[in-house]
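Work through the exercises below with the sequence and the model side by side, and try each task before reading its solution.

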Amino acid sequence: MNYLFEKVDNTKLVLFRILFGILMMAECWGAIFTGWVKKTFVDVDFTFNFIGFEWTQVLLGDTMYGIYIAMGFLGLLIMLGAFYRFSTISLFLLWTLTYLMQKSNYNNHYYFLVWVCFLMAVVPANKYYSVDASLNRKKASETAPRWTIIIFKIQVAILYFFAAIAKLYPGWLEHRYLPIRLNNSSQWFANTEYFSWVAPYLRMPELAEILAYSGIAFDFLIVPLLMIKQTRKVAFILALIFHIFNSITLQVGIFPYLALAMSLFFFNSETIKKVVFPFKRRSLIPEERYEKPYYRNFVTYTVIILTLWQIYLPLRHWLIKDDVLWTEEGHRMAWRMMLRTKSGHIDFETHLPNGQIINEDVYEFLRPHQVYGLQTKPDFIWQYAQELKRRYKEKGFDSIQVFAKNSTLSINGGPYHPFINPEVDLANVKWSYFGHQEWILPSPKNYYE
């Protein structure tokens, strides 16, 4: 146990704090300037939030600009190491709130940032080269307990390992998904003035095949290569190429740069210090070489429990009936990144107590990007039925029925298959939080026939 609590140089922690703060500023303020916040939270009166967090709907509208401005400012404070504990805890709470508020624009890096924000809130990354350390010299330090470094390594290892495992399925190995994704990206390049020449290369079938297998190899091997001193620099160069390529061609936000920043935890502190903090002397380990014992057990068991929880989440779909690719049950929070593309069709019938049947217009209070999720994701379908029930109740109809008609689903460009049982009243069926929704029709034996 002493190994976890031995005091080590905190250069890596300090550098990551700076990079993390910069990236959070870019993520939050960039979401405003690009119109993402407006599209996702302001120009809507309903979002598909995580089930159980319907109360977050009251924040929709211009309030969300204030929240994202605040989060960007908190990122600035974290970068500077100012009011660090307040800044990191506040950012963790606000970012988690916005993550739980909507699923229409779900991205794994939003979930990844929830964990990173949490980890930053519990580590002492402000003890050096920070405003806090300058204002309070007594609390300044050039060391940190080893566990504060290890938890970031564990986070990176879990992400890459399960991302690799998730790719071991026919849709990826048979190169059905990547050609579609690369072709979509090529459309953007084709419409640019200076980079239109990139588009034909992205459409090459050979590129999709190379990326499919290299993606699996990279995810499986990058952490072991970073852990070995002799291969560490080569691994970082490969990571740099891999993530920059993904950033340019697949446009996945700040995630590639965050992953690169976290890979620095695998490097020797002296190596980083020479490049970034050449003025920092060789850290002197104090006489009290280990952290005080009074909270060792709490830290140890917390790290173990959180690690086991993160291992369970990507595996939980094996405990749920049918294929996660079809049902989506166990897909989120499982590092199942960029694995499939879906399209679908669905109609809704509302049966009123007086016998009237209404064919619902899904665009009445949903935006196009929300309708896409409604056509392909069972939890969206159930939540839409619940929202219809709520709205009709406001009109005086206490007992309505909602049925999903003509629901079909296509995966990775394959044919459409029946998706939702049209005989089930979705307005009055309960959601199974930890099990299978029996009103989802069984997955086809072959998605492409």
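The exercises that follow treat helices, buried residues, salt bridges and a surface patch.

This is a predicted model, in which local features need pLDDT of at least 70 and side-chain atom pairs count only at pLDDT 80 or more, while totals for chains, interfaces and linings use all residues. Residues are numbered from 1 along each chain as its sequence is written, and side-chain values use heavy atoms, with hydrogens and water left out.

**Exercise 1. Compare the span of helix α10 with the expected span, and find where its buried residues lie.**

Step one is to fix the terms: helices (H or I, at least four residues) and strands (E, at least two) are DSSP runs, numbered from the N terminus. The expected span of a helix is 1.5 Å times one less than its number of residues.

Step two applies this to helix α10, residues 178-190, whose 13 residues should span 18 Å, and the end C-alpha atoms are indeed 18 Å apart.

Step three lists the buried residues of α10, where buried means under 20% relative accessible area, exposed over 50%, and partly exposed in between (1.4 Å probe, protein chains only). They are Leu178, Leu182, Ser185, Ser186 and Phe189. These residues lie on the same side of α10, because they cover an arc of only 110° around the axis, the arc being that of the directions from the helix axis to the C-beta atoms. The general background is that an α-helix has 3.6 residues a turn, so residues three or four places apart point the same way.

Step four asks what lies over these residues: their cover includes α9 (170-173), α11 (198-202), α12 (205-227) and α13 (232-250).

**Exercise 2. How many of the residues of helix α8 are buried?**

Begin with the length: helix α8 (residues 147-166) has 20 residues and reaches 28 Å from its first C-alpha to its last, close to the 28 Å expected. Then turn to burial, where 14 of the 20 residues of α8 are buried, and the helix is thus mostly covered.

**Exercise 3. Describe the surroundings of Ser87 and of Leu374, using contacts.**

Contact means heavy atoms within 4.5 Å. Ser87 is found in helix α5, residues 84-101, and counts as buried because its relative accessibility is 0%. Leaving aside neighbours within four places in sequence, Ser87 is in contact with Leu74, Leu77, Ile78 and Ala82.

Leu374 belongs to helix α18, residues 368-376, and is buried too, with a relative accessible area of 0%. Not counting residues up to four places away in sequence, Leu374 touches Phe48, Ile346, Phe348, Val362, Leu366, Phe380, Ile381 and Tyr384.

**Exercise 4. Which residues pair with Glu328 in salt bridges, and where do Asp379 and Lys103 lie in the chain?**

First recall that side chains of opposite charge can pair when their charged atoms come close. A salt bridge is a side-chain nitrogen of Lys or Arg within 4 Å of a carboxyl oxygen of Asp or Glu, and the structure holds 15 of them.

Next take Asp379 and Lys103, whose side chains meet in a salt bridge (2.8 Å, N to O). This pair links distant parts of the chain, with Asp379 in helix α19 and Lys103 in the loop between α5 and α6 (108-122), 276 residues apart. Both Asp379 and Lys103 are buried.

Now look at Glu328, which forms a salt bridge with Arg340, the closest N and O atoms being 2.7 Å apart. Lys342 also forms a salt bridge with Glu328, here with the closest N and O atoms 2.6 Å apart; Lys342 is in strand β3, and Glu328 is in the loop between α17 and β3. Glu328 counts as buried at 7% relative accessibility, Arg340 counts as buried at 16%, and Lys342 is buried with a relative accessible area of 4%.

**Exercise 5. Place Glu387 in its helix and in its network of salt bridges.**

Glu387 lies in helix α19, residues 378-394, and is buried, with a relative accessible area of 9%. Not counting residues up to four places away in sequence, Glu387 touches Phe46 and Phe365. A network of salt bridges links Asp45, Glu387, Arg390, Arg391 and Glu394.

**Exercise 6. Is Leu315 buried or partly exposed?**

Leu315 is in helix α16, residues 296-315, and counts as partly exposed because its relative accessibility is 38%.
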